[in-house]
Amino acid sequence: MNYLIIALLCLFSGASMAQSPVFLVLAVKGKVSSAGKPVGVGQKLSSKQSLILEDQAQVGLMLSNGKTAELNQPGTYALDEMAARLSAQKDFKDKYTDYVVKGITQKTTDSKHQKFMALTGSVERGFNKSDIAIQLPFKSDLLLPEMQVWWSDEHPSTTYHLVVMNMKEEVVHHQNISQANASIDWSNIHPAPDQYYLLCVIDSVARRKSEYAYVYIPESKEREKRMAEEQEFKSALDIDQPVSHLALAAFYKSHRSYAEMVSAMKKAMEQFPNHALLSEAMENMIAEMREDR
């Protein structure tokens, strides 16, 4: 069985979509082929093509209108028939297709991130390889007012202390939690726009401390724009389809909104707990995010 890879390497062409609906391959597991050639993730497929799935193979596809489909039974599938069933919705805007591509292919380390590292160099960082690991990369952007945060702990505690600080390391929010996740309502914190804040989780018993995670608060107009795009993007997706959650997670990742990305993943895995293709794909995205800490 081939190891699952998640990557989108091409954009939809408006001209080709007008001639024939185009599918984008979101995920592949096992042996999937078309016209005698293996199908890879990120590949663009015309509705004139057919797919052949061998035993235990799976593939996740996204049509140019944002509709998604999953094939998980061996056999031959005509994509024109699938396109006809999925074509009841208008096409995505080009930028939303770009978000899906960017969200799954782009690494989080970039020139802006390097400048950020220099800016925060004077702040004491919790880079002590703590047993407590917040499920966020080193830096993420806040999109929605309510932020769900998860962490893992090699030595689980009965009580944790979640702390939010400004860049002067002044505490602006704190709460005690008995489980390994918490919800932060940033509207009650009243964060300043265009500023960074620090997140830290402390074991209230043993006083062990997690690494810091930095949260950036975009300017108000930028946040409003992103939130409007999120609503429009979600309305075009069929969330009842498991692989649609891959596109949604990619959208959040493209905006560096990793808390929302992780939340979307966890909700998807709760909704589809035994969905092997989705679960493995989500786990790979989280693993890639953690590598950028």
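The following exchange introduces a predicted model of a protein chain.

Colleague: How many helices and strands does the protein chain have?
Modeller: The model is predicted, and its secondary structure sets the frame for what follows. The protein chain comprises 9 helices and 16 strands.

Colleague: What percentage of the residues in the protein chain is buried?
Modeller: Buried here means a relative accessible area under 20%. Of the 293 residues in the protein chain, the buried share is 53%.

Colleague: What share of the contacts with a separation of 6 or more comes from residues 24 or more positions apart?
Modeller: The count concerns contacts in the protein chain with a separation of 6 or more. Residues 24 or more positions apart account for a share of 64%.

Colleague: Why is the pair of phenylalanine 138 and tyrosine 214 classed as tilted?
Modeller: The structure holds 6 aromatic pairs. A pair of aromatic rings is described by the distance of the centres and the angle of the planes. For phenylalanine 138 and tyrosine 214 the centres are 4.8 Å apart. Planes under 30 degrees apart count as stacked and over 60 as edge-to-face, so this pair is tilted because its planes stand at 50 degrees.

Colleague: How many residues apart are phenylalanine 138 and tyrosine 214?
Modeller: Phenylalanine 138 lies in the loop between strand S9 (132–134) and strand S10 (139–141), while tyrosine 214 belongs to strand S16 (residues 213–217). The pair thus links distant parts of the chain, and the separation is 76 residues.

Colleague: Is tyrosine 214 buried or exposed?
Modeller: Its partner phenylalanine 138 has a relative accessible area of 2% and is buried. For tyrosine 214 the relative accessible area is 0%. Since the cut-off for this class is under 20%, tyrosine 214 is buried.

Colleague: Which class of aromatic pair do tryptophan 186 and tyrosine 197 form?
Modeller: Their ring centres are 5.8 Å apart, and the angle between the planes is 75 degrees. Because an angle over 60 degrees decides the class, the pair is edge-to-face.

Colleague: Which elements hold tryptophan 186 and tyrosine 197?
Modeller: Both residues count as buried, tryptophan 186 at 2% relative accessibility and tyrosine 197 at 7%. The pair ties together parts that are 11 residues apart in sequence. The elements are helix H5 (residues 186–189) for tryptophan 186 and strand S15 (residues 195–203) for tyrosine 197.

Colleague: How is H7 oriented relative to H8?
Modeller: Helix H7 (residues 244–254) packs with helix H8 (residues 258–271), the axes being 7 Å apart and the angle about 165 degrees. An angle over 145 degrees settles the class, and therefore H7 is roughly antiparallel to H8.

Colleague: How many nonpolar residues does the contact of H7 with H8 have?
Modeller: On the H7 side, the contact is made by His245, Leu248, Ala249, Tyr252 and Lys253. The residues of H8 include Tyr258, Met261, Ala264 and Met265. By class, 2 residues of the contact are polar and 2 are charged, while the nonpolar number is 8.

Colleague: How many of the residues of H7 are buried?
Modeller: The buried residues of H7 include Phe251 and Tyr252, which ring pairs link with Phe233 into a cluster. H7 is mostly covered, and its buried count is 11 of 11.

Colleague: What is the distance between the C-alpha atoms of arginine 256 and aspartate 141?
Modeller: Arginine 256 is found in the loop between H7 and H8, and its phi is positive, near 60 degrees. Arginine 256 is buried, with a relative accessible area of 10%. Although 115 residues separate it from aspartate 141 in sequence, the C-alpha distance is 5.4 Å.

Colleague: Which residues does alanine 259 touch, not counting residues up to four places away in sequence?
Modeller: Alanine 259 is found in helix H8 and counts as buried at 4% relative accessibility. The C-alpha atoms of alanine 259 and glutamine 148 are separated by 6.3 Å, with their positions 111 residues apart along the chain. Beyond the excluded neighbours, alanine 259 touches Leu136, Met147 and Gln148.

Colleague: Is alanine 35 buried or exposed?
Modeller: Alanine 35 lies in the loop between strand S2 (32–34) and strand S3 (37–38). Although not a glycine, alanine 35 has a positive phi of about 55 degrees. With a relative accessible area of 76%, alanine 35 is exposed.

Technical notes
Residues numbered from 1 in each chain as written. Predicted model: local features only at pLDDT ≥ 70, side-chain atom pairs only at ≥ 80, totals over all residues. Heavy atoms only, no water. Phe/Tyr/Trp six-rings, centres within 6.5 Å; stacked < 30°, edge-to-face > 60°. Helix = DSSP H or I, 4+ residues; strand = E, 2+ residues; numbered from the N terminus. Buried < 20%, exposed > 50% of the residue type's maximum accessible area, 1.4 Å probe, protein only. Axes fitted to C-alpha atoms, helices over the stretch in contact; angles between N-to-C directions. Parallel < 35°, antiparallel > 145°, perpendicular 65-115°, else oblique. Contact = heavy atoms within 4.5 Å. Nonpolar A, V, L, I, M, F, W, Y, C, P; charged D, E, K, R; others polar.
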